[in-house]
Amino acid sequence: MTRIKTIGLLTSGGDAPGMNAAIRAVTRSAIYNGFKVKGIYHGYRGLVEDEIADLEAQSVSNIMHHGGTILKTARCQEFKTVEGRKQAWENIQKHGIDALVVIGGDGSLSGALQFAKEYDFPIVGLPGTIDNDLSGTDHTIGYDTALNTIMWCVDRIRDTASSHERLFFIEVMGRESGFLALNGAIATGAEAAIIPEISTEKDQLVELIKRGFRKSKRSSIVLVAESPVTGGAMAIAERARKNYPQMNVRVTILGHLQRGGSPTAQDRILASRMGAAAIEALMEGQRNIMIGDDDEKIVYVPFSKAIRRGDKQIDPRLVELLQQLSI
Ligand code: ADP
Ligand code: F6P
């Protein structure tokens, strides 16, 4: 095994608040421990197209409090091909990079796993996504900020919902996972969350109406996770209007509002801890693992587990809690 001297760092997939704090932590921990750091711009695209430059301790000054990522990010089809990854490998060799730290979601870590296997190359991942859909970690970097943004938005929509006595369906992100919708609903006192994890078993809109929502209330808020399984807020509102013409229905899609903004203290601290842990893991000879947090403790999660769909379950007690508190 080659001794690691230079570490390449990239952010990939959807940006998430806290990615900059993670970039800062990886860069500074690496330099503190005697490594050189190369920043790779635009995720895997920068590896394929050779957009690589040195990062110094001061390159990451004053970035901690900003959303987005100073390294930029992208989705790169070429990296999904054998030829694209070969090009990436040539650039890694050209720049003398001995290991990679990849900050991103399940797609980015799937790419990391593929590349690490193909070239027997050490990679450590950090879970950077607002979706919180990676297994083996309680939280992903960006999730807490997105949840707080959702709370901020829904609190404001509630004023209109209440004044006009309306039923609002509010669509939140999560790419086929209901963490943002479910916990967002609990945090805002919403009536319900329609999430993909449950949509396959039952029609949640019908259930909701059977339970008698709007019987005791004049306004209602329902959070809907974007997903082909739920159909999204537009489709659900359409059905509600057709079946219940007496309801005054409105839809809000929060969209990319949820991905931006200054990270919360929790995300900054998580990103800082995880960034430092990535360097520690490489120094211990770890490879092909994602850094996770399990009950406040740092854990190493093999990529193959981190990206396994369905391994990270919605807590049924939270589903029940939401129902109980919305009577
Ligand atoms: P996220 O990391 O936020 O889930 P994506 O799913 O869009 O975002 O993945 C980001 C990038 O990771 C993709 O554009 C692609 O370059 C790379 N990637 C995803 N899946 C694979 C794969 N199976 N093999 C190689 N690269 C992949
Ligand atoms: O994975 C993060 C995420 O924001 C998902 O919640 C959402 O489905 C997707 O990315 C949106 O991606 P895009 O940037 O292509 O609009």
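**Salt bridges and one helix pair**

Let me start with a single residue: Asp120 is exposed, with a relative accessible area of 59%. Before going further, note that this is a predicted model.

What does Asp120 form a salt bridge with? The partner is Arg287, and the closest N and O atoms of the two are 2.8 Å apart. This pair joins distant parts of the chain, 167 residues apart. Asp120 sits in the loop between helix H4, residues 106–119, and strand E5, residues 123–127. Arg287 is in the loop between H10 and strand E10, which covers 289–294. Arg287 counts as partly exposed, at 24% relative accessibility.

In general, side chains of opposite charge can pair when their charged atoms come close. In this model the count of salt bridges comes to 14. I will go through some of them.

Next is Arg259, which forms a salt bridge with Asp15. Here the closest N and O atoms are 2.7 Å apart. Again the pair links distant parts of the chain, with the two positions 244 residues apart. Arg259 lies in the loop between strand E9, 249–253, and H10, while Asp15 lies in the loop between strand E1, 6–11, and H1.

Are these two residues buried or exposed? Arg259 has 17% relative accessibility, so it counts as buried, the cut-off being under 20%. Asp15 has a relative accessible area of 18%, so it is buried by that cut-off too.

A further salt bridge is between the side chains of Arg317 and Asp315, at 2.9 Å from N to O. Arg317 counts as exposed, at 62% relative accessibility. Asp315 is partly exposed, with a relative accessible area of 25%.

There is also a network of salt bridges, and it links Lys36, Lys38 and Asp54.

Now to the helices. H1, residues 19–32, packs with H10, residues 265–283. The angle between them is about 35°, and their axes are 7 Å apart. The crossing of H1 and H10 is right-handed.

Which residues make the contact? From H1 they are Ala21, Ala22, Ala25, Val26, Ser29 and Ala30. From H10 they are Arg268, Ala271, Ser272, Gly275, Ala276 and Ile279. By type, the residues of this contact divide into eight nonpolar, three polar and one charged.

To put the parts together: the loop between strand E1 and H1 holds Asp15, and the loop between strand E9 and H10 holds Arg259. Those two residues form a salt bridge, and the helices H1 and H10 pack against each other.

Note on methods. Residues numbered from 1 in each chain as written. Chains lettered and ligands numbered in written order. Predicted model: local features only at pLDDT ≥ 70, side-chain atom pairs only at ≥ 80, totals over all residues. Heavy atoms only, no water. Axes fitted to C-alpha atoms, helices over the stretch in contact; angles between N-to-C directions. Helix = DSSP H or I, 4+ residues; strand = E, 2+ residues; numbered from the N terminus. Left-handed = near helix turned anticlockwise from the far one by under 90°. Contact = heavy atoms within 4.5 Å. Nonpolar A, V, L, I, M, F, W, Y, C, P; charged D, E, K, R; others polar. Salt bridge = Lys/Arg side-chain N within 4 Å of Asp/Glu carboxyl O. Buried < 20%, exposed > 50% of the residue type's maximum accessible area, 1.4 Å probe, protein only.
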